[in-house]
Amino acid sequence: MKNYKLNNINLSAISERVFTPQYDRSKVTAGIVHVGIGGFHRAHEAFYTDELLHDPTVTEWGICGIALLDFDTKIYNTLKDQDGLYTLIVKELDGTLTKRVIGSIVECLYAPKNPLKVIEKMANPEVKIISLTITEGGYNYDEATGAFNFKNPLIQQDLENPQAPKTVFGYLAQALKLRKERGLKGCTIQSCDNIQGNGHFAKKMLLSYVQVAEPELVAWIEANVSFPNAMVDRITPATSPLDIEILKETSGIDDAWPVVCEPFKQWVIEDDFIAGRPAWETVGAQFVEDVVPYEKMKLSLLNAGHSVLGILGALYGYSTIDEAASNADISSFLRIYMGNEVTPTLGDLEGVNLKNYKFSLIQRFGNTYIKDQIDRICSQSSAKLPIFVLPTIYSQLERKGAIDHAAFIIAAFAIYSVGVNEFGTQLIIKDVMETVLNEKAIASRKNPEAFLEIESIFGKLKNDSTFVKAYLNAYQNIVQNGIEKSVKDINSNVLNEI
Ligand code: CS2
């Protein structure tokens, strides 16, 4: 089979083999600027938008992707080289691959080289939405103080050099300032990250920054920019070299960075778009008045479930999520955690069948074709656990509910952070707090409470005697009896009920 490099010129030849955009991309303008063009955005918002662009009346909702960091150089070069095109490979539950070329990213900009161009683009009146996938850590929040972290040197540099920002906050502040100065309309800033109340949180963080950087802009933002909350969902593992090879072999498409994902997708959004929005509801997104319950459910069941499988899985020596999910003891642990500790904190979720949701998660985690990497799931856990697991702990402590499994997760994370499991396998810790995590994890061997002293992750949790007792029990149990026996122990005598 002849191989075609993925780009505009080869698109019609490629369309003989896989589904390609059936719309004229040259007519599509960018009404959306998106910061963070990693796998998740390309499997989710860009996919929904590609579906939508198949409606011939829709031409104003293309995406301009922004590569914000030096780290994004590779994806920028790839997309530029491929005219913004990439292949989305859905790994179905029966192992078949559904491939499709996505065309919704019609422009790409590289911020480190040309920051002013990015600021101008964000201020362009054609742009109605600036959406973000900047990861949980990208919001620059300090769990210890509950405030925006002005100590971050990049934030300091943005305050000193507003015309050459490095952080998303520096860019947004300057772009909104231009809109205000030019008498233009505001826009929507749409967070697509896994954070409870992500829109409101983005607003709070941005306003904290603007209060210091451009104080006279605060009132204008309050009046002219909206920040809808949203729940986003689609499991998107890192693309492996094998995925690239298989695409080439099975379809003759030479794509330097395809995206692989699961078949499931969900997007629940608050309908609060001050400058208008695409009709994403026509392609499967749900617009609701209050997204908070959906977010809470997803973060504390799916994302926390991932962390459970990731951290325990690493201690057992597994490397993919489905391996951990197929271990009977880890699976019981997860069911008990979801059923006994998370579910009581969720209250009544109108219109959602929680039991079905939890069953579907077990199925999704077990998809053996996804091969989601435990390394990916455990990466940046210092930013994830405060969002995915700690709210469950606080809520259960308040209502005097069970916390043993949650405390076990934190103890397992302390042991994981040593960087090697009990079988001698090195664990790859990818975390901005790696050094502190490792230091405290090692100190915890003598005094396990040392780990809880990391205030920027655990806040004041170390002062709660009920939690500390459960944590110490779990820690000692793992150290003395090994991970496998301690997981069996903690599960014993508890109903395995989701
Ligand atoms: C994962 C998420 O990063 C993580 O730890 O839980 O990336 C998860 O796969 C997505 O949120 C799924 O929607």
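1. Start with β2 and β3. In this predicted model, strand β2 (residues 30-35) and strand β3 (residues 62-67) run parallel and are joined by five bridges. If you want one pair to click on, take Ala30: its bridge partner in β3 is Gly62.

2. That pair belongs to an open sheet of five strands, all in parallel pairing, with the order β6-β3-β2-β7-β10. The edges are β6 (105-110) and β10 (188-191), each of which pairs on one side only. On average, neighbouring strands here are turned by 25° against each other, ignoring direction.

3. There is also an open sheet of three strands, and its pairing is mixed: the order is β11-β14-β15. Here β11 and β15 (286-288) are the edge strands, pairing on one side only. The average turn between neighbouring strands of this sheet, direction ignored, is 20°.

4. Within the three-stranded sheet, strand β14 (residues 266-270) runs parallel to β15, and three bridges join them. A handy spot to look at is Ile269, which stands opposite Phe287 in β15.

5. Now the ligand. Which residues surround it? The list runs Asn194, Val232, Asp233, Arg234, Ile235, Lys298, Leu302, Asn303, His306, Arg376, Ile377 and Lys384. Sorted by class, that shell has five charged, four nonpolar and three polar residues.

6. For polar pairs, I'd pull up three side chains. Asp233 puts a polar side-chain atom 2.6 Å from an oxygen atom of the ligand. For Lys298, the distance from an N or O atom in the side chain to a ligand oxygen is 2.7 Å. With Asn303, a side-chain N or O atom sits 2.9 Å from an oxygen atom of the ligand. As for cover, the ligand on its own has 340 Å² of accessible area, and the protein covers 93% of that.

7. Which elements give two or more residues to the shell around the ligand? They are β11 (230-233), α11 (292-316) and α15 (374-378). Of these, α11 provides the largest share of the shell, with four residues. Note that β11 turns up twice in this note: as a contributor to the shell and as an edge strand of the three-stranded sheet.

8. Why does the ligand lie between domain 1 (4-288) and domain 2 (292-492)? Because both domains give residues to the shell around the ligand. When you set up a view, keep both domains on screen: domain 1 spans 4-288 and domain 2 spans 292-492.

Technical notes
Residues numbered from 1 in each chain as written. Predicted model: local features only at pLDDT ≥ 70, side-chain atom pairs only at ≥ 80, totals over all residues. Heavy atoms only, no water. Near = heavy atom within 4 Å. Polar contact = N/O pair within 3.5 Å; in protein donor to acceptor, adjacent residues only side chain to side chain. Areas by Shrake-Rupley, 256 points an atom, 1.4 Å probe, with all protein chains shown as cover. Nonpolar A, V, L, I, M, F, W, Y, C, P; charged D, E, K, R; others polar. Domains from an automatic or database assignment. Pairing = 2+ DSSP bridges. Axes fitted to C-alpha atoms, helices over the stretch in contact; angles between N-to-C directions.
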